[in-house]
Amino acid sequence: MKPVKVGLLGLGTVGTGVVRIVEAHQEDLQSQVGSPILIEKVLVQNKSKSRNISISQDKLTEDPWEVIRHPDIDVIVEVMGGIGQTKEYILEALSLGKHVVTANKDLMALHGPEILAKAKEHRCDVLYEASVAGGIPILRTLVEGFSSDRITKIMGIVNGTTNYILTKMSQEGAAYADVLKEAQALGYAESDPTSDVEGLDAARKMTILATLGFRTNVKLEDVSAKGISAVSKEDILYAKRLGYELKLLGIAERQDDLISISVQPTMVKHSHPIASVNGVFNAVYVYGEAVGETMFYGAGAGELPTATSIVADLVAVVKSLKLGVNGKQSGIAYKETKLKTDEQISSKYFMLLHVADRAGVLARITQVFAESEVSLESVLQQPNPTNPEAEIIIITHDASKAAVQKVLATFESLDVVYKVKSVYRVEG
């Protein structure tokens, strides 16, 4: 019954949640792992700061090395964020034979292979369930639940801030800028929201999901990312009229060991389950060759949902410690990363065009699609009393990204096309 001692790097929102759960669920945790789990040392920025949790002052320290190099600590839980210095702390902890649980998506997306290699060298575990989708146990599911299947596609809403903004725009007809200000006031968006609204946060999470789902080391630069800052009320309105919801989706696909990963605003058919995921909630849709389609839904952030995933990882580490099987994690990437070219990436597309309102224009536009070998599913001209130009809505059949780019390049030089207002991928 020797206690397993934990060093906690960070006592912010999530760190506080970890302490709450470990202390409140101690009996349940002991029943699962056969010994107490104790928080031994906690790194904080200011020991004198008042906190909304009761914790002994002698457990607090402002020196990270006091936690990392503590001789009695078995597991380091990192919830402080950051990349450069945090990476140094984690690598040092692993070199000392300490196991690591982290919620740091940025670190794992950028330096995951190096950290996992160091863990393997020292027979340590590195678990990072909370780095993607908060309280949804998606990473463990990809590694263990789908271990007997072959995943062909992962599609998800993995950023709650952007989903909140798009939900409000859809349900209330509000403008992007107004909803962003509201999200910032509520604490859903940072004062500098760039990482969220430009798709960078989601891209890091998709890097992790694709690496685990496809068993290959995906780099952040392999992910094509586009955010929601250009999404307008009109785009949302047209999507709804056509039976779609606009969502910022991360999409990772595999075909014959060729993969593509992107983050982009996407029109999702109302009948698709992911279209009904609203507010700050996350959802990940996984396609397997054997199991078919599955969806995982839940809170993507917050003190206790995220802390729940961290403590679940902590339990997994302790169980492996008791069995003596640490450092033998499944899910290690072993396949060569082969990316699809633009000619091999295929999907449906929505386009909204502002064009000259005269005879023959529609014929000329459809000719451009034909010349680029892009077939059309539907063409609709919508009257818009606020726009003197004609508006044409087009939804294509499946077309390669390269072919669609060729169409758009042609429109740039076509005098009858005044503006390509919007282009979105279509799913469902």
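Which residues touch the most other members of the largest nonpolar core? They are V126, I138, L142, I165, L209 and F350, out of 74 residues in that core. Keep in mind that this is a predicted model. Here's a quick tour, starting with the sheet and ending with a buried aspartate.

**The sheet**
- You'll find 6 strands in an open sheet, and their pairing is parallel.
- Reading across, the order goes β3-β2-β1-β4-β5-β6.
- At the edges sit β3 (60-61) and β6 (126-127), each of which pairs on one side only.
- Strand β2 (residues 37-43) runs parallel to β3, and 2 bridges join them.
- Look for V42 here: its opposite number in β3 is L60.
- As a general point, strands of a sheet pair through backbone hydrogen bonds.

**The nonpolar cores**
- In soluble globular proteins, nonpolar side chains tend to be buried together.
- The largest core has 74 residues, and helix α10 (residues 200-214) gives the most to it, with 8 residues.
- A second core lies apart from that one; it has 30 residues, including V18, V77, I310 and L314.
- Back in the largest core, try clicking on L209: leaving out residues up to four places away in sequence, L209 touches V132, I138, L139, L142, I154 and V158.

**A buried aspartate**
- D313 belongs to helix α12 (residues 303-323).
- Is D313 buried or exposed? D313 counts as buried because its relative accessibility is 2%, and the cut-off for buried is under 20%.
- Its contacts, again not counting residues up to four places away in sequence, are V101, L127, Y128, E129, A130 and R140.

Key: Residues numbered from 1 in each chain as written. Predicted model: local features only at pLDDT ≥ 70, side-chain atom pairs only at ≥ 80, totals over all residues. Heavy atoms only, no water. Pairing = 2+ DSSP bridges. Helix = DSSP H or I, 4+ residues; strand = E, 2+ residues; numbered from the N terminus. Core = buried A, V, L, I, M, F, W, Y, C linked by side-chain atoms within 4.5 Å. Buried < 20%, exposed > 50% of the residue type's maximum accessible area, 1.4 Å probe, protein only. Contact = heavy atoms within 4.5 Å.
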